[in-house]
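This report covers the empty space in a protein model and one pair of packed helices. The sequence and structure come next.

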Amino acid sequence: MRRLWHWGGIVFVLALSLRLVHAFQMSASPLFTMPAVDAATYSEQAVSLAEGNWLGRGQGPFWQPPLYPYFLGLIKLAFPESFYYVSRFVQALIGSLTCVLLYLVGRRLFGSGVGFIGALIAAVYGPLIYFDARLLPAGLATLLTLVSLLLLMRAVERPTKPIFIASGFALGLASLTAAVLAALIPGVAIWLFYWLRKKAALAVVAFLLGAVLAIAPVTLRNYTIGGDFVPISYNGGVNFYIGNNANSEQTLALRPGWEWEELVALPLREGITRPSSKSLFFYRQALEYIQDAPLDYMGLLAAKTAQFWRGDEIERNQEMYYWRKYSSVLAGALWKWGVAFPFGLVSPLALLGLIVYIRRQGFALPVLFVLGYSFAVISFFVAARYRLPIVPLLVLFAAYGGSWLYARWRQRPLRQALLPTAVLALLMLLVNWDLPPMDGRGKAATHNDLGNAYLQQGRYDLALLKYEQATRLDSTYWQAWFNLGSLRALRGDLRGALPILLSVLEHERERADVWSNVAGVYVGLGQYQQAAEVLEQAVVAAPRGDLYEALENVYAMMGKPRRDEGEE
């Protein structure tokens, strides 16, 4: 026990130190306290919860799995003024505890030495450090996944009903953090039924009971408060469609904001308003593609499988490599120079370790977790944050694979090590083949997010600079152009703003805010006739009450009589 505390303590201190340094350095970014995209959504939900709306009344069923927003809501309630700092500190603790749990799992599977090496790698593993400082659920989901696995391993060794219930409850909580983890629940139940044989019935019932106890309150809340039967959340359909359609490259490249809004509005165009029906709409669209083009779909699955094991960290909404300039910890722990470090090394070693382990132990629980979860992610789409919950186990298998290969080289004859070494070299070549460059400039969406954050801070010069960078990087990024034109107008540069906004209007004619801002610029320039003409077109292209009101106001400025409400 003393050795356990000693080695576990070393792992915890190392992991916590690196995570705290990284979080401190990342606090220089404006997105630290003004997060973007999903992180902004989670922060807004935390504020609403902390204000007392714990049941989410008036919000319908949960769009995203709810456990992480509630986790943040508790922090916001307890530390309202220092929320952004305390939340990162708590997540650093969670990430460090995850590394210690990995040591415990590795110790059970492979012995203390391999477990300690795997835990040390996890402590310094760049993507794990990165996500522990982001307001995203990946870190919490990773911890709960390991808790469930550790409890299951203990329950299988000494079957007891309470531990099976606890393991199911932990995996249920993990599913409420990242819904894709729910795919492991039936997989584990089937595995238990096969593995335990005579004692399987009680174990399976207890495990499923634990999972139901975790998930059922959310389902009940969605039905009674949200008015719809949604087991966890209803964003699953659109996520499945994003990764499974004839134009998946385009849908995966959709940026947050206008492009994303157009996608999720597709069911509304068909008159579908019920949340569960919206999700089913996207599932049907994807399944129709799979049915109509099975060969294309098989090729897509193969490509996504290769992506999952590829060394590169695939971004989702925000790129990871850009933020290396803020953090010396990240700069040393995440890079691409011939090899995508660290996953470009972990992936081939983990595959080798899995092959050796399966040959020796068969499809044991850790293998089920790795293969089951990887297939679940691949069936949707691959991104760094969705791969993360299983990465600690892959790190552990990588340590095991490396240890096994090292032992082979120490044995005689040496030729026994040549084949596995050649296999490892081939895998390493494949997972690091044709890597995209590590572009430190950042992509257009990143600079647009930074511009929005600077705008909220009132740092208008920096906001303008970021919007200009976004438009230079992508000349068709109309939302960034809109932000640039609107900010120029806000700062009094109406003549500079007008051509920008008119250009946006040519491409985004259904957006009421674009029409409104163009008309506002014309009013600011004293060109009331042009403003009226714009608004007259606007109420046809994007009918909205505020546009009608703005048109009436312009008529009043021109000295025209205000129209009656029912007059056309």
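In this predicted model, the second largest pocket has a volume of about 1,100 Å³. Its lining is made up of 37 residues, and those closest to the pocket centre are L252, A253, I314, E315 and K443. Three elements give two or more residues to this lining: α12 (248-252), α16 (294-309) and α23 (444-457). The largest share comes from α16, with 5 residues. By class, the lining of this pocket holds 18 nonpolar, 7 polar and 12 charged residues.

Enclosed space is treated separately. The model contains 4 cavities of 30 Å³ or more. The largest cavity has a volume of about 160 Å³. Of the 15 residues that line the largest cavity, M26, L31, F32, R88 and R134 are the closest to its centre.

The second largest cavity holds about 110 Å³ of space. Its lining counts 16 residues, of which R134, L136, R316, Q318 and R385 are the closest to the centre. R134 is thus listed both for the largest cavity and for the second largest cavity. At least two lining residues of the second largest cavity come from each of α2 (37-50), α6 (126-132) and α20 (384-387). Helix α2 gives the largest share, 3 residues.

The table sets out volume and lining class for the two cavities.

| Cavity | Volume | Nonpolar | Polar | Charged |
|---|---|---|---|---|
| Largest cavity | about 160 Å³ | 10 residues | 3 residues | 2 residues |
| Second largest cavity | about 110 Å³ | 9 residues | 2 residues | 5 residues |

The remaining topic is helix packing. At what angle do the axes of α3 and α4 cross? Helix α3 spans residues 67-78 and helix α4 residues 83-110; their axes come within 9 Å and cross at roughly 125°. Angles from 65 to 115 degrees count as roughly perpendicular and those over 145 as roughly antiparallel, so α3 and α4 are oblique to each other. The crossing of the two helices is right-handed.

On the α3 side, the contact is made by Y68, F71, L72, I75 and K76. Helix α4 contributes F83, V86, S87, V90, Q91 and I94. Sorted by class, this contact between α3 and α4 has 8 nonpolar, 2 polar and 1 charged residues.

Notes: Residues are numbered from 1 along each chain as its sequence is written. This is a predicted model: local features need pLDDT of at least 70, side-chain atom pairs count only at pLDDT 80 or more; totals for chains, interfaces and linings use all residues. Side-chain values use heavy atoms; hydrogens and water are left out. On a 1 Å grid over the protein atoms alone, a cavity is a set of points where a 1.4 Å probe fits but cannot get out, and a pocket is an open set with protein on both sides within 12 Å along at least five of seven lines; lining residues have an atom within 4 Å of a point. Grid points are joined across faces, edges and corners, and a volume is the space filled by probe spheres set on the points. Helices (H or I, at least four residues) and strands (E, at least two) are DSSP runs, numbered from the N terminus. Ala, Val, Leu, Ile, Met, Phe, Trp, Tyr, Cys and Pro count as nonpolar, Asp, Glu, Lys and Arg as charged, and the others, Gly among them, as polar. Axes are lines fitted to C-alpha atoms, for helices over the stretch in contact, and angles run from 0 to 180 degrees between N-to-C directions. Angles under 35 degrees count as roughly parallel, over 145 as roughly antiparallel, 65 to 115 as roughly perpendicular and the rest as oblique. A crossing is left-handed if the near helix is turned anticlockwise from the far one by less than a right angle, and right-handed if clockwise. Contact means heavy atoms within 4.5 Å.
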